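Colleague: I would like a close look at a single part of this model, with the reasoning laid out step by step. Please take your time over it.

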Amino acid sequence: MAMFLFSLSKNTLAQKLNKNEIDFTAKLREDENFKIVFILFYVAIIYHIAQIVKVKNLELPRHITFSGNGSKVLSILTTDNKDLAAFTKTIFEYVLGRPYNGALDILGITDDSNPKKSTCKGGLMTTATSGVDRSCIVVLKSDGSGVTNDNDTYDSINDNYVSHVVDSVEKFFDFALTDLNKKFDIDSYFGVSSSSLQTAREICKNDIKTYVMKGLSLMKEEADGKNKLDETLFFYPIKGVLQSLSTALTTKKIRL
């Protein structure tokens, strides 16, 4: 359904319709109450990437590109590459604790970009052999303290591990909803209502442990008998919070 709504403005069968009424991306971009959901989605990904850069002692990226339909979030946030790059740098600087010296371009931000086409071209042009090199996959521990190893298994996850996950997610929301806004005025750059920020702050720490446990249960089901932890638990509670936040903002908007 989401893909259908995103495609309407370019659908040849809808050419006679008012484009302003069927441009789903533009409508989301202009919604200052709901935009906080997309900002948290974006910040969570960049925040986690920055943690990996720090733990692995990697060079700061010169380019960042989103592949797939998740890239549509970029144009919902803004169509200004400079603003999004500055915002992204601010996240890196907080996590790394040092200035982001160097240029940064966010690729695929324009409305006419086609991330799926770029992904396909990359697959056709690559010289890599088929299959996935598992040794190149970085799985960060949920508390951001390091990279998982063979000792990190589903069986090793205890109450203490879950507690660390909850703490790291709470720390993320403190950063994303309070500290980050002090360094980068997201309302001025992206148009986010103060009421939506307040709503996010009120519910962001609710039921985090429940979301962690649900995520862990889902991971075990999808592991297909494998015991090694090959995915971080960091995003599962954030996903749950975003769902809850979406519902709260929608309910609030209906009441208004």
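Is F87 buried or exposed? And what surrounds that residue in the way of ring partners and core neighbours?

Modeller: Bearing in mind that the model is predicted, F87 counts as buried, because its relative accessibility is 0% and the cut-off for buried is under 20%. F87 belongs to the largest nonpolar core, a set of 66 residues, and is among the members that touch the most other members, together with I36, Y42, V43, F172, F173 and I186. Several helices each supply at least two residues of this core, including α4, α5 (72-77), α6 (81-96), α8 (159-183) and α12 (235-255), and α4 gives the most, with twelve residues. As a general background, nonpolar side chains in soluble globular proteins tend to be buried together.

One of those core members, I186, touches F87 directly, and its contacts beyond four places away in sequence also take in I36, I39, N181, G191, V192 and L197.

Turning to the rings, a search of the whole structure finds 15 aromatic pairs. In one of them, the ring centres of Y42 and F87 are 6.3 Å apart and the planes lie at 20°, so the pair is stacked; the angle falls in that class because planes under 30 degrees apart count as stacked. Since Y42 lies in helix α4 and F87 in helix α6, the pair ties together parts that are 45 residues apart in sequence. Y42 is itself buried, with a relative accessible area of 0%.

Helix α6 takes part in a further stacked pair, formed by Y94 and F175, with 4.1 Å from centre to centre and 20° between the planes. This pair again links distant parts of the chain, with Y94 in helix α6 and F175 in helix α8, 81 residues apart. The two partners should be described separately as regards accessibility: Y94 counts as partly exposed, at 29% relative accessibility, whereas F175 is buried, with a relative accessible area of 0%. Both Y94 and F175 belong to one aromatic cluster that also holds Y47, F172, F173, F234 and F235.

For the end of helix α4, which spans residues 35-56, V55 is a useful residue to inspect. V55 is partly exposed, with a relative accessible area of 30%, and, leaving aside residues up to four places away in sequence, V55 touches L140, G144, S145, G146 and V147. The C-alpha atoms of V55 and V147 are 7.5 Å apart in space, although the two residues are 92 residues apart in sequence.

Conventions
Residues numbered from 1 in each chain as written. Predicted model: local features only at pLDDT ≥ 70, side-chain atom pairs only at ≥ 80, totals over all residues. Heavy atoms only, no water. Helix = DSSP H or I, 4+ residues; strand = E, 2+ residues; numbered from the N terminus. Buried < 20%, exposed > 50% of the residue type's maximum accessible area, 1.4 Å probe, protein only. Contact = heavy atoms within 4.5 Å. Core = buried A, V, L, I, M, F, W, Y, C linked by side-chain atoms within 4.5 Å. Phe/Tyr/Trp six-rings, centres within 6.5 Å; stacked < 30°, edge-to-face > 60°.
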